[in-house]
Amino acid sequence: GGATDGGGEGGDVRLTGISKTYGSFTAVHPLDLTVPQGSFFALLGASGCGKTTTLRMIAGLEEPSSGTVHLGDQDVTRLPPYKRPVNTVFQSYALFPHLDIFENVAFGLRRRGIRSVRGQVEEMLDLVQLGEQARKKPHQLSGGQQQRVAVARALINHPRVLLLDEPLGALDLKLRRRMQLELKRIQTEVGITFVHVTHDQEEAMTMADTVAVMNAGRVEQLGAPSDLYENPRTTFVANFLGTSNFIEAEVDGRRGGDLVLKAGGGALVLPEGRCGAPAATGGKVLAGVRPEKVSLTHADDAGSVPDGRNRLTGTIADASFLGVSTQYVVDSAVCPRFAVYAQNVERDPRLVPGAEVVLHWNPAHTFALDAAQS
Ligand code: ATP
């Protein structure tokens with residue numbers, strides 16, 4: 001944006017010290033958050049973490065206990081919802097049952113006294129691919145189609161920001177997956193900022209450019225999906241987005257910029273840039289690695305494991321064959337229930353419960369949690 005719309009550096013949505021308390025209970029702790037203009041932003045967290053309350057404070061449906069809300073350059077903290085340049089799509093989208101799809105979408109324009117609505121409504125119906133359904137009533141559409149009408153209805157007044165509060169929550173899994181891609185396409189096409197609330201990590205990762213992971217009224221970590229997955233900073237984030245193996249280790253020294261860690265009897269390398277807080281020799285580190293990054297080699301073939309891999313030894317406790325992949329649980333001295341997801345490309349028939357194995361992976365896939373947290 002240009003200098004006048006203020007959507008650039010300051011972000012489209014800027015929360016400063018925003019919090020919400022109910023009596024002695026704090027639903028949202030003072031929070032600073034900037035949502036870049038034109039991005040698809042997800043607030044992700046388990047039920048009760050404060051994500052809906054945060055969204056409702058942006059919408060003006062909930063009054064913050066402290067802090068300010070800016071939309072672009074405008075301080076909207078004291079503005080009622082209808083004066084804010086935002087619109088919200090809810091899970092229960094409540095279309096007007098007696099109006100057809102065209103009139104449902106046209107509603108926001110007519111209420112503002114605009115009389116020639118056809119062009120804009122048709123454009124919106126095309127955007128959500130419901131041009132053919134204009135004269136149907138809501139009950140004649142599927143759940144996914146109805147939700148698309150709700151999106152069109154919310155976009156027709158060109159809000160600066162579209163807020164989405166678990167909009168896909170009522171849909172079955174298959175439809176939900178389709179609608180995730182559909183919403184992402186719509187967002188890319190209209191180019192306005194979407195702020196989406198969900199408890200579904202896959203949904204957040206599918207759609208959003210940036211995800212804020214919330215836990216107990218706080219943002220634990222904010223980043224691109226791949227960044228959160230590859231560099232989780234807390235055990236909560238590491239576990240909420242997929243499965244992680246954690247290894248308690250001690251700093252043994254440095255090799256170049258890399259940290260060398262002592263874990264049980266073995267050594268692990270934590271590459272430069274993955275170290276989190278700088279750690280002194282003797283300091284404790286909680287290292288982690290994702291299950292799909294790890295390979296399993298039978299102990300009899302340990303010599304075939306290439307040099308330079310991080311490695312641990314253990315015993316297979318469980319092996320679940322899942323067709324494409326096999327999920328192993330390995331008991332290792334430094335990580336009692338180490339998970340490994342192996343593609344069944346060249347499955348070694350000796351890898352059964354009770355087998356002694358070497359777990360090994362590229363050191364680049366090792367991450368470390370913040371010292372204060374671990
Ligand atoms: P969900 O996905 O279940 O909606 P959420 O992460 O969106 O969860 P919020 O709805 O933001 O969570 O609620 C955060 C916390 O604040 C919850 O513990 C909730 O019980 C509490 N809370 C919300 N509204 C009120 C209220 N009006 N009075 C008291 N407590 C409230």
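How close do the axes of α2 and helix α4 come, and at what angle do they cross? In this predicted model, the two axes come within 7 Å and cross at roughly 30°. Angles under 35 degrees count as roughly parallel, so α2 is roughly parallel to α4. The crossing of this pair is right-handed. On the α2 side, the contact uses Ile101, Asn104, Val105, Phe107 and Gly108. These residues meet Val149, Ala152 and Arg153 of α4. By class, the contact of α2 with α4 holds five nonpolar residues, two polar residues and one charged residue. Helix α4 itself covers residues 143–155.

Helix α2 (residues 101–111) also packs against helix α3 (residues 118–127). Here the axes come within 9 Å and cross at roughly 125°. That angle makes α2 oblique to α3. Helix α2 passes α3 in a right-handed crossing. From α2, the residues in contact are Phe102, Val105, Ala106 and Leu109. Their partners in α3 are Gln120, Val121, Met124 and Leu125. Seven residues of the contact between α2 and α3 are nonpolar, one is polar and none is charged. Val105 appears in the contact with α3 and again in the contact with α4.

Helix α4 has a further partner in helix α5 (residues 173–190). The axes of α4 and α5 come within 11 Å and cross at roughly 20°. This makes α4 roughly parallel to α5. The crossing of α4 and α5 is right-handed. Helix α4 contributes Gly143, Gly144, Gln147, Val151 and Leu155 to the contact. Helix α5 contributes Leu175, Arg178, Met179, Ile186 and Val190. The residues of the contact of α4 with α5 divide into six nonpolar, three polar and one charged.

The model also contains a ligand, and its surroundings can be listed by residue. Which residues surround the ligand? The shell consists of Tyr22, Phe25, Ala27, Gly45, Ser47, Gly48, Cys49, Gly50, Lys51, Thr52, Thr53 and His199. Strand β2 (25–35) and helix α1 (51–59) each supply at least two residues of this shell. Phe25 and Ala27 fall within the bounds of β2. Helix α1 gives the most, with three residues. Lys51, Thr52 and Thr53 lie within the bounds of α1. By class, the shell around the ligand has four nonpolar, seven polar and one charged residues.

At the level of the whole protein, there is a division into domain 1 (13–232) and domain 2 (243–368). How far apart are the C-alpha centres of domain 1 and domain 2? They lie 40 Å apart. Helices α2 and α3 have residue numbers within the bounds of domain 1. The numbers of α4 and α5 also fall within those bounds, as do the residues listed around the ligand.

Technical notes: Residues numbered from 1 in each chain as written. Predicted model: local features only at pLDDT ≥ 70, side-chain atom pairs only at ≥ 80, totals over all residues. Axes fitted to C-alpha atoms, helices over the stretch in contact; angles between N-to-C directions. Helix = DSSP H or I, 4+ residues; strand = E, 2+ residues; numbered from the N terminus. Parallel < 35°, antiparallel > 145°, perpendicular 65-115°, else oblique. Left-handed = near helix turned anticlockwise from the far one by under 90°. Contact = placed C-beta atoms within 7 Å. Nonpolar A, V, L, I, M, F, W, Y, C, P; charged D, E, K, R; others polar. Near = placed C-beta within 6 Å. Domains from an automatic or database assignment.
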